Amino acid sequence: ERKTCEPGVPSSLIKNIFRHYVKMPVAREAFRIVEKCSERYFKQLSSDLEAYTRHAGRKTVEMADLEVLMRRQGLVTDKMPLHVLIEHYLPLEYRKLLIPVAVSGNKVIPCK
């Protein structure tokens with residue numbers, strides 16, 4: 001029989017992100033704990049987003065669900081809106097996808 005394996009965030013990505021913020025070498029044992037914590041965090045995040053979407057009577061997770069989750073986590077506040085976090089932490093190519101921008105011809109990108 002084949003074992004089914006759950007999808008996950010690649011450990012190399014977690015390691016690179018963690019190293020970027022820690023800015024020093026990380027012991028192998030410490031990294032394993034960070035990896036487990038990251039996995040649990042994303043499982044909980046997904047579960048919460050699914051619950052918010054179902055509560056709203058929808059089948060698709062929308063940006064509003066993520067904003068509600070981030071408000072409950074204290075990341076988004078009246079003084080720190082979601083767009084500010086997007087501009088601060090995401091690269092330009094992702095910002096363009098998430099934040100509407102007016103361009104010539106009276107068009108707004110991205111279109112909803």
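**Entry 1: Asp 65**

I looked up the accessibility of Asp 65 in this predicted model and found the residue buried, at 5% relative accessibility. I then asked which residue Asp 65 forms a salt bridge with. The partner is Arg 58, with the closest N and O atoms 2.7 Å apart.

I next examined Arg 58 itself. Its relative accessible area is 25%, and I recorded Arg 58 as partly exposed, because the cut-off for buried is under 20%. Arg 58 also meets the side chain of Glu 62 in a salt bridge, at 4.0 Å from N to O. Glu 62 is partly exposed, with a relative accessible area of 40%. I therefore noted a salt-bridge network that links Arg 58, Glu 62 and Asp 65, in which Asp 65 is buried while Arg 58 and Glu 62 are partly exposed.

**Entry 2: Thr 53**

I turned to Thr 53, which has its place in helix α2. Is Thr 53 buried or exposed? The residue is buried, and its relative accessible area is 4%. I listed its contacts, leaving out residues up to four places away in sequence: Thr 53 touches Arg 58, Lys 59, Thr 60, Val 61 and Asp 65. Two of the network residues, Arg 58 and Asp 65, are thus among the contacts of Thr 53.

**Entry 3: a salt bridge within α2**

I counted the salt bridges and obtained 6. One of them joins Glu 39 to Lys 43, whose closest N and O atoms are 3.4 Å apart. I asked where this pair lies in the helix. Both residues belong to α2 (residues 28-55), and being 4 residues apart they are separated by about one helical turn. An α-helix has 3.6 residues a turn, so residues three or four places apart point the same way. Side chains of opposite charge can pair when their charged atoms come close. I recorded Glu 39 as partly exposed at 46% relative accessibility, and Lys 43 as partly exposed at 44%.

**Entry 4: the buried face of α3**

I asked which residues of helix α3 (residues 63-72) are buried. They are Asp 65, Leu 69 and Met 70. Viewed down the axis of α3, these buried residues fall within an arc of 135°, so they line one face of the helix. I found that they pack against α2 and α4 (82-89). Just after α3, I noted a positive phi of about 85° at Gly 74.

**Entry 5: α3 against α4**

I checked how the two helices cross. The axes of α3 and α4 come within 11 Å, with a crossing angle of roughly 90°. That makes α3 roughly perpendicular to α4. On the α3 side the contacts involve Met 63, Glu 67 and Met 70, and on the α4 side Leu 82, His 83, Leu 85 and Ile 86. I looked at Leu 82 separately: beyond its neighbours within four places in sequence, Leu 82 is in contact with Met 63, Glu 67, Met 70 and Val 76.

**Entry 6: the nonpolar core**

I asked which residues make up the largest nonpolar core. The core has 6 residues, namely Met 70, Val 76, Leu 82, Leu 85, Ile 86 and Ile 99. Helix α4 gives the most to this core, with 3 residues. Met 70 also appears among the buried residues of α3 and among the α3 residues that meet α4.

Key
Residues are numbered from 1 along each chain as its sequence is written. This is a predicted model: local features need pLDDT of at least 70, side-chain atom pairs count only at pLDDT 80 or more; totals for chains, interfaces and linings use all residues. Side-chain values use heavy atoms; hydrogens and water are left out. Buried means under 20% relative accessible area, exposed over 50%, partly exposed in between (1.4 Å probe, protein chains only). The arc is that of the directions from the helix axis to the C-beta atoms. Contact means heavy atoms within 4.5 Å. A nonpolar core is a set of buried Ala, Val, Leu, Ile, Met, Phe, Trp, Tyr and Cys residues joined through side-chain atoms within 4.5 Å. Axes are lines fitted to C-alpha atoms, for helices over the stretch in contact, and angles run from 0 to 180 degrees between N-to-C directions. Angles under 35 degrees count as roughly parallel, over 145 as roughly antiparallel, 65 to 115 as roughly perpendicular and the rest as oblique.
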